[in-house]
Amino acid sequence: MNHSASFQKNYAGNIIFFTCLFSLFYAILRYHIFGLVPWKDFPFLILNKSISLAAFILLTFNFSIGPLKNIGINVPEGWLNSRQVLGMTAFLLVLIHALISFMVFKPEIFAKFFEENGSLTFYSGLSMLGGIISFVVLWAYNLAFKTTMKEDQKFISFITSRSFLLIAMLFSLMHLFFMGFEGWLNPADWNGGMPPISLVAFSFFVVGYIINLFGRK
Ligand code: HEM
């Protein structure tokens, strides 16, 4: 690292801005414009979907930029220098997503996640477990770089190791897959032909996972 450089190229602001813009427009188009969800549901329900999508995309960037370089792709300096800000922003967006989700997760709103008697279905139990474990892993990941734990070489090399990350990423897959796969199989039901947000996030996941599989040391 060049400590004397007074200016490091960093595209984080633009990457975050365009990712949020894309996620916002995607959710608005799919749910309000094509899905006819009333606009009164924007501030909590639909915004939560765009926040979770933006978080997911930013996280995928955060985890894949380094491995992409290791594969031999010429990743611009400005992307490499953006990693920490992207990770931190994604974590904060996930925190908003989790708080909103805890409030709206009810049978009246998410019928497909619940049985008639109000208990969770098997798949939604798996999905929520995946979400919560991913959240806790992300928390640990952030702690690792933000506290005195970063002095602990063993802890750092464990939490940034190939096997830990490849396994940890599977919990976010679990969150998306068990939430959405039944809807993924019915393109005829997609609002305006637009794939569900869980499937869009899953597509980012697949690309990111393959890059990590080959490029993560
Ligand atoms: C405490 C942890 C979490 C809880 C309780 C939770 C809860 C939920 C719920 C209830 C949904 C369905 C919302 C909807 O369809 O409107 C959802 C969707 C989603 N979550 Fe999470 N989640 C958690 C963590 C995460 C994490 C760590 C990520 C990764 C960034 C994530 C990404 C997503 C995505 C991309 C969707 C798809 C939205 C859609 O298809 O509409 N979640 N989550």
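**Iron site and selected residues**

Colleague: Between which helices is the loop where isoleucine 109 is found?
Modeller: The model is predicted, and the answer follows from its helix assignment. Isoleucine 109 is found in the loop between H4 and H5.

Colleague: Is isoleucine 109 buried, partly exposed or exposed?
Modeller: Its relative accessible area is 38%. Buried would need a value under 20% and exposed one over 50%. Isoleucine 109 therefore counts as partly exposed.

Colleague: How far apart in space are isoleucine 109 and leucine 45, C-alpha to C-alpha?
Modeller: Along the sequence, 64 residues separate isoleucine 109 from leucine 45. In space, the C-alpha distance between them is 9.3 Å.

Colleague: Which protein atoms are donors to the iron atom of the ligand?
Modeller: Two histidines supply the protein donors, at 2.0 Å from the iron. Both histidines are buried. The donor atoms are NE2 of His97 and NE2 of His175.

Colleague: What geometry does the site of the iron atom have?
Modeller: The iron atom of the ligand has six donor atoms, with angles of 88 to 180° among them. For six octahedral donors, the ideal angles are 90 or 180 degrees. The site of the iron atom is classed as octahedral.

Colleague: How many residues apart are the two histidine donors, 97 and 175?
Modeller: His97 and His175 are the protein donors of the iron atom. Histidine 97 belongs to helix H4 (residues 83-104) and histidine 175 to helix H7 (residues 162-184), so the pair links distant parts of the chain. Their separation is 78 residues.

Colleague: Which residue has a backbone N or O atom 3.0 Å from an oxygen atom of the ligand?
Modeller: Two other polar contacts to the ligand involve side chains: lysine 49 has an N or O atom 2.9 Å from a ligand oxygen, and histidine 97 has a polar atom 2.8 Å from a ligand nitrogen. The backbone contact at 3.0 Å to a ligand oxygen comes from serine 198.

Colleague: Which elements give two or more residues to the shell around the ligand?
Modeller: The ligand sits in the largest pocket. Those giving two or more residues to its shell are helix H2 (42-71), H4, helix H5 (122-146), H7 and helix H8 (197-215).

Colleague: What is the C-alpha distance between leucine 129 and histidine 175?
Modeller: Leucine 129 lies in helix H5 and is partly exposed at 44% relative accessible area. It stands 46 residues from histidine 175 in sequence. Their C-alpha distance is 7.1 Å.

Colleague: What separates the C-alpha atoms of leucine 93 and alanine 55?
Modeller: Leucine 93 lies in helix H4 and counts as buried because its relative accessibility is 14%. Alanine 55 is 38 residues away along the chain. The C-alpha separation of the two is 5.6 Å.

Colleague: Which backbone oxygen does the side chain of serine 161 reach?
Modeller: Serine 161 has its place in the loop between helix H6 (153-159) and H7. It is buried, with a relative accessible area of 18%. At 2.7 Å, its side chain reaches the backbone oxygen of phenylalanine 158.

Colleague: What is the approximate phi of leucine 36?
Modeller: Leucine 36 lies in the loop between helix H1 (12-33) and H2, and is exposed at 69% relative accessible area. Although leucine 36 is not a glycine, its phi is positive, at about 60°.

Terms used
Residues are numbered from 1 along each chain as its sequence is written. This is a predicted model: local features need pLDDT of at least 70, side-chain atom pairs count only at pLDDT 80 or more; totals for chains, interfaces and linings use all residues. Side-chain values use heavy atoms; hydrogens and water are left out. Donors are N, O and S atoms within 2.8 Å of the metal (3.2 Å for Na, K and Ca); water is not among the atoms, so sites may look incomplete. Four donors count as tetrahedral if all angles lie between 85 and 135 degrees; four count as square planar and six as octahedral if opposite donors are over 155 degrees apart and all others between 65 and 115; anything else is irregular. Helices (H or I, at least four residues) and strands (E, at least two) are DSSP runs, numbered from the N terminus. Buried means under 20% relative accessible area, exposed over 50%, partly exposed in between (1.4 Å probe, protein chains only). A polar contact is a pair of N or O atoms within 3.5 Å; within protein, one must be able to donate a hydrogen and the other to accept it, and residues adjacent in sequence count only if both atoms are side-chain atoms. On a 1 Å grid over the protein atoms alone, a cavity is a set of points where a 1.4 Å probe fits but cannot get out, and a pocket is an open set with protein on both sides within 12 Å along at least five of seven lines; lining residues have an atom within 4 Å of a point. A molecule sits in a cavity or pocket if more than half of its atoms lie within 2 Å of its grid points.
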